[in-house]
Amino acid sequence: MKRLNWGMIGGGEGSQIGPAHRLGAQADGNFILAAGALDHDATKGRAYAQRLGVATDRAYGDWREMLEGERNRDDKVDLVTVATPNSTHFEITKAFLEAGFNVLCEKPMTMTVQEGEEIVKVAKATGKICAVNYCYSAYPMVREMRQMVRTGQLGKVRLIVTNFSHGHHGDATDADNPRVRWRYDPAMAGVSGQFADCGIHALHMASFIAGDEVRTLSADFASTIASRELEDDAMVNFRMEGGAVGRLWTSSVAIGRQHGFDIQVFGETGGVRWRSEDPNQIFYTPVGARTQIIEKGENGLSDEAQRLSRVAIAHPEGFPLAVANIYVDLAASIRGETRDGLPTAADGLRSMAAVHQAVASAKSGGAWVDARPPMFR
Ligand code: NAI
């Protein structure tokens with residue numbers, strides 16, 4: 001099958017998420033890195049792209065140059081990944097969609113709800129794919145959990161409990177480190193710190209597995225390190241359209257927790273749990289019976305979990321492979337196939353609305369507010 005041309009903006013040398021995208025996009029031979037504007041420093045970005053094998057004339061100094069350089073080429077990129085810092089996502093994603101490119105945007109998709117609505121509208125009007133990198137939803141055993149809900153194995157979902165809490169910003173003496181400080185500075189991060197950074201992965205995951213959307217929420221935000229303007233800890237209670245109750249804790253000051261993303265879904269006839277630090281297993285407990293450990297790669301899993309399992313049973317499945325699963329479905333979608341489960345601009349918008357409404361709720365003492373974006377109410 002012909003390889004698709006892929007372009008990347010951001011994700012330069014030393015960036016956190018850049019390597020996961022490069023492994024993910026190229027793991028299956030679907031995409032080849034054909035163009036890039038990889039760094040905020042034009043010279044460094046051009047040099048690094050060339051070291052990664054990009055032709056000199058497609059190793060761009062910035063994203064506007066890349067847009068102009070690519071738009072009229074016969075072999076222009078089939079997909080652009082936006083892996084720059086948050087405040088730039090809207091402008092870049094919108095410009096590439098309007099110029100007729102498919103886009104995979106990092107989370108959070110935008111800084112405001114209005115920008116999120118704009119992206120949803122532009123993607124619809126242009127007919128281009130706008131996906132958002134909620135990559136945890138592409139782990140095989142997360143797909144298995146979603147399938148368990150879909151097939152009624154848990155009964156009606158009553159309760160979802162999820163955490164995304166780590167302790168890597170818990171050292172007050174390191175709070176002024178520039179790599180940490182911007183995340184709690186409204187000028188750089190927007191209206192929310194930890195909830196917009198990690199909490200939205202957990203909120204998306206709750207909707208993804210339950211097959212339902214968040215309707216209302218009530219938030220309690222805290223800046224446990226006093227110099228921080230934005231929250232470094234949040235507890236968000238939510239209610240879903242179908243009535244399920246949700247509890248979400250996200251923190252960056254939970255010293256001792258390394259990554260700490262887990263989710264438990266409790267239905268009328270059973271409960272199931274997944275942890276990102278042990279992504280190969282889910283723990284399933286039917287009502288009145290013993291807990292079973294269901295392993296990635298074993299017989300009897302759903303087709304969706306089997307399709308996304310890349311390594312043999314009992315071998316570890318890594319984070320870049322979840323990102324690779326996003327690219328597998330993007331390639332299939334660009335080639336005209338329908339793939340269920342690709343997180344889209346609508347998911348990115350829902351997250352932004354939840355972030356802004358959580359901020360409003362936290363400021364009003366935890367009042368329950370409508371979590372949905374106006375265009376989806
Ligand atoms: P980072 O600060 O480590 O790297 C950012 C990269 O973008 C750098 O190479 C920088 O030079 C480049 N850059 C900045 N402005 C640019 C511009 N205007 N044009 C081209 N390149 C530019 O940041 P990190 O942690 O890699 O985060 C990037 C994005 O990925 C953020 O939106 C973050 O929220 C998201 N992210 C998502 C994760 C996920 O699980 N889906 C995990 C980690 C980050």
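This report walks through a few strands and helices of a predicted model, starting with a parallel sheet and ending with a buried strand.

**The five-strand sheet**

Let's begin with the open sheet, whose five strands come in the order β2-β1-β3-β4-β5 and pair in parallel. Strands β2 (31-37) and β5 (130-132) form its edges, each pairing on one side only. From one strand to the next, the twist averages 25°.

Within this sheet, β1 (residues 4-10) pairs with β3 (residues 79-83) in the parallel sense through five bridges. If you would like a spot to look at in the viewer, try Ile9, whose bridge partner in β3 is Val82. Helix α1 (residues 18-26) lies across β1, β2, β3 and β4 (102-105). Relative to β1, α1 runs at about 175°.

**Two packed helices**

Next come helix α4 (residues 89-98) and helix α5 (residues 113-126). Two packed helices are described by the angle between their axes and the distance between the axes. For α4 and α5, the angle is about 15° and the axes are 9 Å apart. Angles under 35 degrees count as roughly parallel, so α4 and α5 are roughly parallel to each other. The crossing of α4 past α5 is left-handed.

Which residues make the contact? On α4 they are Phe90, Thr93, Lys94, Leu97 and Glu98, and on α5 they are Glu115, Glu118, Ile119, Val122, Ala123 and Thr126. Sorted by class, this contact has five nonpolar, two polar and four charged residues.

**Strand β10 and its partners**

Is strand β10 (residues 261-267) largely enclosed or largely open? Five of its seven residues are buried, so β10 is largely enclosed by the rest of the structure. Strand β10 pairs with β6 (residues 157-165) and with β11 (residues 270-275). Both pairings are set out below, next to the β1 and β3 pair from the parallel sheet.

| Strand pair | Sense | Bridges | One residue pair |
|---|---|---|---|
| β6 and β10 | antiparallel | seven bridges | Asn163 opposite Asp262 |
| β10 and β11 | antiparallel | five bridges | Phe266 with Gly271 |
| β1 and β3 | parallel | five bridges | Ile9 with Val82 |

To follow the chain from β10 into β11, look for the hairpin of two residues that joins them. Close by in your reading of the table, Phe266 of β10 has Gly271 of β11 as its bridge partner, while Asp262 of β10 has Asn163 standing opposite.

Notes. Residues are numbered from 1 along each chain as its sequence is written. This is a predicted model: local features need pLDDT of at least 70, side-chain atom pairs count only at pLDDT 80 or more; totals for chains, interfaces and linings use all residues. Side-chain values use heavy atoms; hydrogens and water are left out. Buried means under 20% relative accessible area, exposed over 50%, partly exposed in between (1.4 Å probe, protein chains only). Helices (H or I, at least four residues) and strands (E, at least two) are DSSP runs, numbered from the N terminus. Two strands pair if DSSP finds at least two bridges between them. Axes are lines fitted to C-alpha atoms, for helices over the stretch in contact, and angles run from 0 to 180 degrees between N-to-C directions. Angles under 35 degrees count as roughly parallel, over 145 as roughly antiparallel, 65 to 115 as roughly perpendicular and the rest as oblique. A crossing is left-handed if the near helix is turned anticlockwise from the far one by less than a right angle, and right-handed if clockwise. Contact means heavy atoms within 4.5 Å. Ala, Val, Leu, Ile, Met, Phe, Trp, Tyr, Cys and Pro count as nonpolar, Asp, Glu, Lys and Arg as charged, and the others, Gly among them, as polar.
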